[in-house]
Amino acid sequence: MTTFRRTSLLLAFMLATSPAYGQSTRKKQSSKKPPATSQPVKTTKAPPADDADGDESDEPRVFGSPNEDEETSVTPLVSPDAPAVAKPATPSASGEPAVASAAVTASGPVALFAVARTSAAEEAAVKLEDELLSRLKASGVAMVDLGAAFPPSPPASLTRADTLFEQGRTDYDNLDPESAEAKFLAAAEAYTKHPAELSPERLAKAYLFLGASRMLNGDSTGAQDAFKRAVVADPSTTPDAALFGQDVLKSFDQARADVKARPAGTLVVESKPAGASVLVRGQELGVTPLKGVEMTAGQHPVVVSLPGYSAFAQYTEVASAKSTEVKATLEPTPGLSAVRDAAVHASTEQSFERDTPPPEARAIGERLNARYVVLAAVARGDKGHLKAELQAWDLRSNARLRGVEIALTPGAKKNGPDAAADQVRAFVNGVAAPRVAEGGNSFSTLIKRPWFWAVVGGAAAVTAGAVYVATSQDKGRPFNPVSGGVGF
């Protein structure tokens, strides 16, 4: 009896103390306070970042996922009641819109193209593109470097000209002035055929020896002409007294004095498209349209260049006391031409109505390594006035800026190019718009989330334009409108 009672008491004690022990254990565990962190929210797992460098600091928040069951607790980029949308920058005290801080600036360069929907609007499209680019660059927006994307052709070789010059030197030293004159003249002509690669010192030296050779042949007038060309090619040129006699030195000094005494001329340079750099003897004079630049009368190598275009180069005779005009038509490189064709296809009315980026826009972004593609389409309105419509796509997030109308009438400020550039800058430099997850049917997931409608509603407040978040993405690589394949 005693043994049975002891066993019963032991069982009763175990049953009584076991729950209490478990409860005390749970209370002890729950009493531990978690480390202080920002309050997590429940969201779906984000897909891998699109960036090759793995930097996720600029990745927008993911809305929706193909697998709704997989959820985790993360710290949001923004609070749920303040979704990330592009916002116009706050104007500064001077009235100029302030550039967004680096903390909220989305990464990735911007590709911008203005296209004409009709042939009558081509000139206006070129001007609009130049104005938008200038405004965005001045406000600190990172634009695509077309010069790096489409490098110029390799420089022409001057080996033949150098060889002719050395042959002329040999003939001159061997007292064969007739052969030397022919070689130096051929060398000068070979140099002037490549003004973009020409060194002024080389050309001036060829003319100097040409004049000396003519003097040995008894042609004083021809020698003076060659010496004057040498002075114009490189004003710092001076004959070496160890190589030339006093007759050459005296004649050259007279040629220098005659060049200085001639009235200067002016150089006017225009280009299509405008905004090209103008270089003379390797020195940059400005950008086109270039007007009224005073220059020494004589022949000058004029090089007009624009990133993405083949350079225009020629030797130009600047007349004394007159204005000399140079009109350069710049041809786009084959790569840039293909990109511009894609921009035309991506800027049609049908493309602007798409809910996702046109495949041509994605092809542009891939070719130029651009995150943002901005397209402005120029056409004539009902009353015959030129107007433009602008759209911008964030190819990473599918966020969209649309409905930006640009007035192209002179003096337009409220809806002019400057105002449009400010909206593009606000879209790019604003808080990154949310990115839709790839794969699966994410639209049904999006519309169930209350902050999705807050984003759509808040995005409409971007000045005169609006940001729209696309709900699907075109699968696969972009279509190439040039070759019919993918990519460029």
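In strand 14, the residue opposite Glu389 is Glu405. The two strands involved, strand 13 (residues 386-394) and strand 14 (residues 399-407), run antiparallel and are joined by six bridges; two strands are taken to pair if DSSP finds at least two bridges between them. Four residues lie between the strands of this hairpin, and Asn398 takes a positive phi near 70 degrees there. The model is predicted, so to speak of local features a pLDDT of at least 70 is needed, side-chain atom pairs count only at pLDDT 80 or more, and totals for chains, interfaces and linings use all residues. Residues are numbered from 1 along each chain as its sequence is written, and side-chain values use heavy atoms, with hydrogens and water left out.

The chain has 14 helices and 16 strands. These elements are DSSP runs numbered from the N terminus, with helices being H or I runs of at least four residues and strands being E runs of at least two. Of the 488 residues in the chain, 42% are buried, where buried means under 20% relative accessible area, exposed means over 50%, and partly exposed lies in between (1.4 Å probe, protein chains only). Among contacts (heavy atoms within 4.5 Å) between residues at least 6 apart in sequence, 65% join residues at least 24 apart.

Two open sheets can be followed along the chain. One has four strands in the order 7-6-9-10, with antiparallel pairing. Strand 7 (283-287) and strand 10 (312-318) each have a single partner strand, so one side of each is left without a neighbour in the sheet. The twist in this sheet averages 30 degrees from one strand to the next, with axes fitted as lines to C-alpha atoms (for helices over the stretch in contact) and angles running from 0 to 180 degrees between N-to-C directions. Strand 6 (residues 277-280) runs antiparallel to strand 7, with four bridges between them, and Val280 has Gln283 of strand 7 as its bridge partner.

The other open sheet has three strands in the order 8-5-11, with mixed pairing. Its edge strands, strand 8 (290-295) and strand 11 (323-329), each pair on one side only. Strand 5 (residues 265-272) and strand 8 run antiparallel and share four bridges, and Gly265 has Met295 of strand 8 as its bridge partner.

Several loops around these strands show backbone features to look at. In the loop between strand 5 and strand 6 sits Pro273, and the peptide bond from Lys272 to Pro273 is cis, with omega near -5 degrees. A cis peptide bond also joins Thr288 and Pro289, with omega about 0 degrees; Pro289 lies in the loop between strand 7 and strand 8. Ala321, in the loop between strand 10 and strand 11, has a positive phi near 60 degrees and counts as exposed at 57% relative accessibility. Asn369 lies in the loop between helix 11 (359-368) and strand 12 (372-380). Its phi is positive too, near 55 degrees, and Asn369 is exposed, with a relative accessible area of 63%.

Turning to the interior, the largest nonpolar core holds 38 residues, of which Phe113, Val304, Leu330, Ile364 and Leu368 touch the most other members. Such a core is a set of buried Ala, Val, Leu, Ile, Met, Phe, Trp, Tyr and Cys residues joined through side-chain atoms within 4.5 Å. Helix 9 (residues 334-346) gives the most to this core, with five residues. Another core, of 33 residues, lies apart from it and includes Leu158, Ala206, Ala226 and Ala230. Not counting residues up to four places away in sequence, Val304 touches Val269, Ser271, Ala276, Ser277, Thr288, Ala311, Phe312, Ala328 and Leu330.

The largest pocket encloses about 1,500 Å³ of space. Of its 47 lining residues, Val126, Glu129, Pro273, Tyr309 and Arg340 are the closest to its centre. Helix 2 gives the largest share of the lining, 11 residues. On a 1 Å grid over the protein atoms alone, a pocket is an open set of points with protein on both sides within 12 Å along at least five of seven lines, a cavity is a set where a 1.4 Å probe fits but cannot get out, and lining residues have an atom within 4 Å of a point. Grid points are joined across faces, edges and corners, and a volume is the space filled by probe spheres set on the points. Two cavities of 30 Å³ or more are found in the whole structure.
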